[in-house]
Amino acid sequence: MKQTSLRLPVLTHPRLTAGVVNVIDTILLWHERRYQRHLLAAMSDTMLRDIGLESRDVFEETAKPFWRA
């Protein structure tokens, strides 16, 4: 039996593939920032002191939109 390949023409073009990978990487980075800021916002004052942060620092970080570093 002949084996067929299921390839999408768009994904075989090197420039488009790199572009798609960059978009996916960016989305994953944004998701990670959002998640980390969520965890940071949920920390107690005691936990924040343990890592050398104050409530003011957390407020400034969590007020940023996910696309800003």
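**Charged and aromatic contacts of the four-helix chain**

In the predicted model, Arg-37 is buried, its relative accessible area being 8%, where buried stands for under 20% relative accessible area, exposed for over 50% and partly exposed for values in between (1.4 Å probe, protein chains only). Because the model is predicted, local features need pLDDT of at least 70 and side-chain atom pairs count only at pLDDT 80 or more, whereas totals for chains, interfaces and linings use all residues. Residues are numbered from 1 along each chain as its sequence is written, and side-chain values use heavy atoms, with hydrogens and water left out.

The chain contains four helices and zero strands, helices being DSSP runs of H or I of at least four residues and strands runs of E of at least two, numbered from the N terminus. Read along the sequence, these elements give the pattern α-α-α-α. Of the 69 residues of the chain, 7% count as buried. The chain exposes about 6,300 Å², of which carbon and sulfur atoms supply 61%; accessible areas were obtained by the Shrake-Rupley method with a 1.4 Å probe, and for residues only the protein chains shown count as cover.

Side chains of opposite charge can pair when their charged atoms come close. A search of the whole structure returned three salt bridges, a salt bridge being a side-chain nitrogen of Lys or Arg within 4 Å of a carboxyl oxygen of Asp or Glu. One of them joins Arg-37 to Glu-61, with the closest N and O atoms 2.9 Å apart. This pair links distant parts of the chain, as Arg-37 lies in helix H2 and Glu-61 in helix H4, 24 residues apart. In contrast to the buried Arg-37, Glu-61 is partly exposed at a relative accessible area of 25%. Glu-61 also forms a salt bridge with Lys-64, for which the closest N and O atoms are separated by 3.2 Å. Salt bridges that share partners thus join Arg-37, Glu-61 and Lys-64 into one network, and Lys-64, with a relative accessibility of 23%, counts as partly exposed. In another salt bridge, the side chains of Glu-54 and Arg-56 meet at 3.3 Å, N to O. Of these two partners, Glu-54 counts as partly exposed at 44% relative accessibility, while Arg-56 is exposed, with a relative accessible area of 54%.

Arg-33, which is also found in helix H2, is buried yet has no salt bridge, and the nearest side chain of opposite charge, that of Glu-61, is 7.1 Å away; in this assignment Lys and Arg count as positive and Asp and Glu as negative, whereas His and the chain ends are not counted. The side chain of Arg-33 instead reaches the backbone oxygen of Phe-66 at 3.4 Å.

Phe-66 takes part in aromatic contacts as well. Two aromatic pairs were counted in total, the rings of Phe, Tyr and Trp (its six-membered ring) being paired if their centres lie within 6.5 Å, with planes under 30 degrees apart classed as stacked, over 60 as edge-to-face and the rest as tilted. The ring centres of Trp-30 and Phe-66 are 5.3 Å apart and their planes stand at 65°, so this pair is edge-to-face. The pair links distant parts of the chain, Trp-30 being in helix H2 (residues 14-41) and Phe-66 in the segment after helix H4 (55-62), 36 residues apart. Phe-66 and Trp-67 form a further edge-to-face aromatic pair, at 5.0 Å centre to centre and with 85° between the planes. Together, Trp-30, Phe-66 and Trp-67 make up one aromatic cluster. Within this cluster, Trp-30 counts as partly exposed at 32% relative accessibility, and Phe-66 is likewise partly exposed, with a relative accessible area of 34%.

Trp-30, Phe-66 and Trp-67 also contribute, with Val-23, Ile-27 and Leu-29, to a nonpolar surface patch of about 580 Å². Patches consist of residues with over 30% relative accessible area and no salt bridge, like charges being joined within 9 Å and nonpolar side chains (Val, Leu, Ile, Met, Phe, Trp, Tyr) within 5 Å.

Elsewhere in the chain, Asp-45 is found in helix H3 (residues 45-50) and is partly exposed, with a relative accessible area of 45%. The C-alpha atoms of Asp-45 and Ser-55 are separated by 7.0 Å, these residues being 10 residues apart along the chain.

Technical notes: A polar contact is a pair of N or O atoms within 3.5 Å; within protein, one must be able to donate a hydrogen and the other to accept it, and residues adjacent in sequence count only if both atoms are side-chain atoms.
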